[in-house]
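Me: I would like to learn how to read side-chain features in a protein model, one kind at a time. Could you take me through them with the structure in view?

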Amino acid sequence: MSANLLTLSGVHTHIGAYHILHGVDLVVPKGQLTMLLGRNGAGKTTTLRTIMGLWQASQGRLAFAGQDITQMHTPQIAGLNIAYVPENMGIFSDLSVKENMLLAARQAKHAGQMDEARLQWIFSLFPAVEKFWNHPAGKLSGGQKQMLAVARAIVEPRELLIVDEPSKGLAPAIINNMIDAFAQLKATGTTILLVEQNINFAKRLGDQVAVMDNGRVVHAGTMQALADDEQLQQSLLGLAI
């Protein structure tokens, strides 16, 4: 069994007067792709935002690579080589695709300093990023923006990639492209934590799975075991894979 790269232990999060996470226990094994599933409002996005320090845990502990990150601020957490793609993608619409990528490439001061071999690999994953390299990012379609958001997150090798609903609103052909891209990322040994509503997406990619409900993890195990158990799917998610 792989060592756990990220561990959440008894994590509670309050947003104003609202108590959203109620003692989340979650492990993300190193080198694997962990799916975080659950109905709308279960607390999945809040969990990701708490990991990234965008919202502070009010109780419990978060550890990354053995280091306590519970009280760290977002820039410090990102500095540990963690990339986060939020649900709204966070694209800078007025900047070009190239400028969006350059902002994420912390080792490069100008485009010529970006890792050319890695860029070519990213272009092979997401051809639209190369095609629209000099175009304003705001002019891209929804699917192209999602590709750019993921490409930007991996412009340099990351220890952990956290992505919130990468397939949301995408056409089936683009979803297949996204699945292929994450499969290639997984093959490089990148640890990935993915929130998804598309169960087919989850089934095809996931190694491990955690299912949330009412601000807690109510099931954790292998993705294959959940995919094979229709009764469990129905009880946890109200649907069949």
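Reply: Let us begin with the aromatic rings, keeping in mind that this is a predicted model. A pair of aromatic rings is described by the distance of the centres and the angle of the planes. In this structure the count comes to two aromatic pairs.

Me: Which residues form the edge-to-face pair with 5.4 Å between the centres?

Reply: Those are Phe 123 and Trp 133, and the angle between their planes is 80°. The two residues sit in distant parts of the chain, 10 residues apart, with Phe 123 in helix H4 (residues 116-125) and Trp 133 in the loop between helix H5 (127-131) and helix H6 (142-153). Phe 123 has a relative accessible area of 9%, so it is buried, and Trp 133, at 16%, is buried as well.

Me: Where do the partners lie in the pair made by Phe 182 and Phe 201?

Reply: Phe 182 belongs to helix H7 and Phe 201 to helix H8, so this pair ties together parts that are 19 residues apart in sequence. The arrangement is edge-to-face, with 6.2 Å from centre to centre and 70° between the planes, and both Phe 182 and Phe 201 are buried.

Me: What lies over the face of Trp 55?

Reply: Arg 49 does, at 4.2 Å from the ring centre.

Me: Now I would like to turn to charges. How many salt bridges does the structure hold?

Reply: The general idea is that side chains of opposite charge can pair when their charged atoms come close. The structure holds five salt bridges, and one of them joins the side chains of Asp 68 and Arg 61, with 3.3 Å from N to O. Asp 68 has a relative accessibility of 40% and therefore counts as partly exposed, while Arg 61, at 38%, is likewise partly exposed.

Me: What is the partner of Lys 168 in its salt bridge?

Reply: The partner is Glu 87, and the closest N and O atoms of the two are 2.4 Å apart. This pair links distant parts of the chain, 81 residues apart: Lys 168 is in the loop between strand E7 (160-164) and helix H7 (172-187), whereas Glu 87 is in the loop between strand E6 (82-85) and helix H3 (97-104). Glu 87 is partly exposed, with a relative accessible area of 30%.

Me: Which parts of the chain are tied together by Lys 186 and Asp 207?

Reply: These two residues form a salt bridge in which the closest N and O atoms are 3.3 Å apart. Lys 186 lies in helix H7 and Asp 207 in the loop between helix H8 (199-205) and strand E9 (208-213), so the pair connects parts that are 21 residues apart in sequence. Lys 186 is partly exposed at 22% relative accessible area, and Asp 207 is partly exposed at 26%.

Me: How should I read a charged residue that has no such partner, and what does Arg 152 touch?

Reply: In such a case one looks at the surroundings of the side chain. Arg 152, which lies in helix H6, is buried yet has no salt bridge, and the nearest side chain of opposite charge, that of Glu 99, is 11 Å away. The side chain of Arg 152 does reach the backbone oxygen of Met 89 at 3.1 Å, and the backbone oxygen of Gly 90 lies 3.0 Å from a polar atom of this side chain. Leaving aside residues up to four places away in sequence, Arg 152 touches several residues, including Ile 91, Phe 92, Asn 100 and Arg 158.

Me: Can we finish with a whole helix, and how many of the eight residues of helix H1 are buried?

Reply: For a helix, one takes its residues together and then looks at what comes next. Six of the eight residues of helix H1 (residues 44-51) are buried, so this helix is largely enclosed by the rest of the structure; among them are Lys 44, Leu 48 and Ile 51. H1 is followed by Gly 53, which has a positive phi, near 75°.

Me: Is Met 52 buried or exposed?

Reply: Met 52 counts as buried because its relative accessibility is 3%, under the 20% cut-off. Met 52 is placed in the loop between H1 and strand E4 (57-64). Met 52 and Ile 77 are 25 residues apart in sequence, and their C-alpha atoms are 6.3 Å apart in space. Beyond residues up to four places away in sequence, Met 52 touches Thr 74, Ile 77, Ile 82, Tyr 84 and Ile 162.

Definitions and conventions: Residues numbered from 1 in each chain as written. Heavy atoms only, no water. Salt bridge = Lys/Arg side-chain N within 4 Å of Asp/Glu carboxyl O. Buried < 20%, exposed > 50% of the residue type's maximum accessible area, 1.4 Å probe, protein only. Helix = DSSP H or I, 4+ residues; strand = E, 2+ residues; numbered from the N terminus. Phe/Tyr/Trp six-rings, centres within 6.5 Å; stacked < 30°, edge-to-face > 60°. Lys NZ or Arg CZ within 6 Å of the ring centre and 35° of its normal. Lys, Arg positive; Asp, Glu negative; His and termini not counted. Polar contact = N/O pair within 3.5 Å; in protein donor to acceptor, adjacent residues only side chain to side chain. Contact = heavy atoms within 4.5 Å.
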